[in-house]
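Trainee: I should like to work through one helix and one cavity with you. May we begin with the structure itself?

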Amino acid sequence: MRPSFDSDLAGTDEFAWTNSWPATLPLLTAPGGGDRLLVVAAHPDDETLGAGGLIATAAARGRPVTVLIASDGEASHPQSLTHSPEQLARIRRREVTDALGRLHPGAELIFLGLPDSGLAAHERELAIHICGHLDGVTHVITPWSGDRHTDHAACARAAAPIAAQAGIAHWQFPIWAWHWAAPESPELPRQRMRRFPLGTGAIETKAAAINAHVSQHRPLSDVRGDEAVLSDSMLMHFRRDYEVFVVDEPTAADGAYFDALYAERPDPWGLDERFYERRKRELLLASLPRPRFRRAFEPGCATGLLTIELAQRCDEVVAWDGAPVAVEQATARLHGRSGGGLVTIQQRRIPATWPDGLFDLIVVSEVGYYCADPGQLRQRIATSLALDGVLVACHWRHQADDHPVTAADVHAAIGAGLQRTVAHEEADFLLDVWTRDGRSVAAIEGIVP
Ligand SMILES: [Zn+2]
């Protein structure tokens, strides 16, 4: 761990918090119905200290919980002469297994084995792991980004854009803030803070789970360097009858994020009027190595401007978009066209879902970087690209806050195992075409052998 405050100094007394605003924060409702929690801990014990009561409550209500333990917490005693980081990692894995067994015996526990104190350098890996466990998840729970601990902040930063984009609530729990901050500290985002009340059962279970993290609240030995990390006064903050979360409610409920964009402006990216967009579409179409295709898939079809062009060159086009508003507009646009192939437009999100059957053209345009796991996208493409299939990808290269991965990442991932036949690079976007055999257009046409 590498906190930017001194955990050895006496921190804020729990008594100061007891008599202040946290006890009167607005309440959060307990998980119920179809709720499913994904808890991300930077170190073994974060899950228990920050969200143990929430996890126990979910268990009591029969709600599924997955816990990702990002690092093994092997750096908790860097000066120890008696315990190596490897030993500490083993001990702490055992302790968190024990703790979670008490909190939620049915919970799924996954160790990512990323370096303790080094999570900031592995934020993308973390994000990919989070995405890999997002199926059906309604709440992502992480340490708070403002906790003044680089590992805690990294977990929060990795989860935030994913949660926002997937329409999942993101709850962040402070740990060290209870120690270094005081009730009047301006750093605490009180407007976004909520209180989750714990029943007697949850309080007792949480206390037992805290006890399971022996290596953290008891000295490893009497030797210097083996002192307890969590003092009794620090632990008092986690014996409350409530937990506090910094809450960001979903902004993108299954396409609602994009719906909001479309609600602001019917054409949020200026696809219709911008010369930039028209030129890019023309380049993409010109780069296709054949005049005709049997069946094309265009995920992220937006308002259907490219779809209508593809329909002129394909017997069939399957066009998807995650935003209902976009699907509506695309449907309207395609409705009035004359000629062209059969077009089906549906509201679906990739790569969680994918159409059946084979395609001899897959167009991944300005959509790949919304998939935080390009590897999953690659797998989907690999299984549905026909033997003579053509994969086209086109992505914006500039920084965008809502893109968890870059254009280059997406292209490198989805092109793996295929032969690139067109590589068009300019300052604003990448345009690549791949096939399985890599034959050039001149070769296909018989101009060259
Ligand atoms: Zn931690």
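The discussion below turns to helix packing and then to a cavity.

Mentor: This is a predicted model, in which local features need pLDDT of at least 70, side-chain atom pairs count only at pLDDT 80 or more, and totals for chains, interfaces and linings use all residues. Residues are numbered from 1 along each chain as its sequence is written, and side-chain values use heavy atoms, with hydrogens and water left out.

Trainee: On which side of α14 do the buried residues lie?

Mentor: In α14 (residues 374–384), a helix being a DSSP run of H or I with at least four residues and a strand one of E with at least two, numbered from the N terminus, Pro 374, Leu 377, Ile 381 and Ser 384 are buried (under 20% relative accessible area; exposed is over 50%, partly exposed in between; 1.4 Å probe, protein chains only). Their arc, taken from the directions from the helix axis to the C-beta atoms, is only 95 degrees, so they lie on the same side of α14.

Trainee: Which exposed residues does the opposite face of α14 carry?

Mentor: An α-helix has 3.6 residues a turn, so residues three or four places apart point the same way. The face turned away from the buried side of α14 carries the exposed Gln 379 and Thr 383.

Trainee: Against which elements do the buried residues of α14 pack?

Mentor: Contact means heavy atoms within 4.5 Å. The partners of these buried residues are β11 (359–365), β12 (385–396) and α15 (407–415).

Trainee: Which element gives the largest share of the lining of the second largest cavity?

Mentor: A cavity is a set of points on a 1 Å grid over the protein atoms alone where a 1.4 Å probe fits but cannot get out, and lining residues have an atom within 4 Å of a point. Both α2 (46–60) and β7 (242–248) give two or more residues to this lining. The largest share, three residues, comes from β7.
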